[in-house]
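Student: I have a structure to go through before lunch. Can we take the odd spots, then the packing?

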Amino acid sequence: MRATFRPSPWAGILLAAFAAGAVACSLYLRYRVIQNSEIGVVCDAGLGTAFCRARAGVVFLFQYSVFGWVALAAAALNLARPSVALLAIGLIAAGFGIVLYNVTASAFAVALMILAFARPARTA
C-alpha cells in the first residue's frame with residue numbers, strides 16, 4: 001500500500017501559520033476597513049489613498065467570489081496532485097473567502113483539501 005499525502009511537521013506549522021495569518025488579515029479587513037462606516041464614507045467621497053484603493057480592490061474581489069474560486073481551484077488541483085504549495089494557496093484563499101462572504105465555495109474547497117490527505121503521495 002502506498003503512503004498517503006502528509007506534509008512534514010515543519011510544513012504543517014508553516015501551513016497553520018499561513019492559514020491563521022490569512023484569517024487574521026481578512027478579519028482586520030472586514031471589520032476595520034470594509035465595514036467601518038467612517039472609512040467607507042471617506043473613501044466613497046473620493047479620497048485616493050492607497051488604503052482606499054486597497055479597500056476597493058478587496059471589495060471587488062469578494063463581490064465576484066474570487067477568494068472562493070481560487071480556493072476551489074487550488075483544492076481541486078491539490079486533490080488531483082497533492083502538494084504543500086497548492087495546499088498553502090488553498091488554505092490562504094479559503095481563509096479569506098470564509099471571512100469575506102465566499103463561504104460556500106471556500107468551505108467546499110476545505111472539504112476537498114481534507115480529502116487530499118487520503119490520496120497517495122507523489123513518488124520522487
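Student: Where is Ser 65 found?

Tutor: Ser 65 sits in the loop between helix 3 and helix 4. Helices here are DSSP runs of H or I with at least four residues, strands are E runs of at least two, and both are numbered from the N terminus. Residues are numbered from 1 along each chain as its sequence is written. This is a predicted model, so local features need pLDDT of at least 70 and side-chain atom pairs count only at pLDDT 80 or more, while totals for chains, interfaces and linings use all residues, and side-chain values use heavy atoms, with hydrogens and water left out.

Student: What is its phi, positive or negative?

Tutor: Ser 65 has a positive phi of about 55°, although it is not a glycine. Most residues other than glycine have a negative phi.

Student: Which residue in the loop between helix 5 and helix 6 should I look at?

Tutor: Tyr 101 is in that loop. Tyr 101 is not a glycine, yet has a positive phi of about 70°.

Student: How accessible are the two, Ser 65 and Tyr 101?

Tutor: Ser 65 counts as partly exposed because its relative accessibility is 26%. Tyr 101 is at 42%, so it counts as partly exposed. The cut-offs are under 20% relative accessible area for buried, over 50% for exposed and in between for partly exposed, with a 1.4 Å probe and protein chains only.

Student: And Ser 83, buried or exposed?

Tutor: Ser 83 counts as buried because its relative accessibility is 14%. Its place is in the loop between helix 4 and helix 5. Not counting residues up to four places away in sequence, Ser 83 touches Phe 5, Asn 78 and Arg 122; contact means heavy atoms within 4.5 Å.

Student: On to packing. At what angle do helix 4 and helix 5 cross?

Tutor: The axes of helix 4 (residues 66–80) and helix 5 (residues 84–99) cross at roughly 155° and come within 8 Å. That makes helix 4 roughly antiparallel to helix 5. Axes are lines fitted to C-alpha atoms, for helices over the stretch in contact, and angles run from 0 to 180 degrees between N-to-C directions. Under 35 degrees counts as roughly parallel, over 145 as roughly antiparallel, 65 to 115 as roughly perpendicular and the rest as oblique.

Student: Which residues meet there?

Tutor: Among them, Phe 67, Val 70 and Ala 71 in helix 4 meet residues of helix 5 including Leu 86, Ile 89 and Ala 93.

Student: Which residues make up the largest nonpolar core?

Tutor: It has 12 residues in all, including Phe 5, Leu 15, Ala 71, Leu 87, Ala 93 and Met 113. A nonpolar core is a set of buried Ala, Val, Leu, Ile, Met, Phe, Trp, Tyr and Cys residues joined through side-chain atoms within 4.5 Å.

Student: Which elements give two or more residues to this core?

Tutor: Helix 4, helix 5 and helix 6 (103–115) do. Helix 5 gives the largest share of this core, 4 residues. Apart from this core lies another, of 10 residues, among them Val 33, Val 58, Phe 62 and Phe 67.

Student: Last one. What does Phe 51 contact?

Tutor: Phe 51 is in contact with Val 33 and Ile 39, leaving aside neighbours within four places in sequence. Phe 51 lies in helix 3 (residues 50–63).
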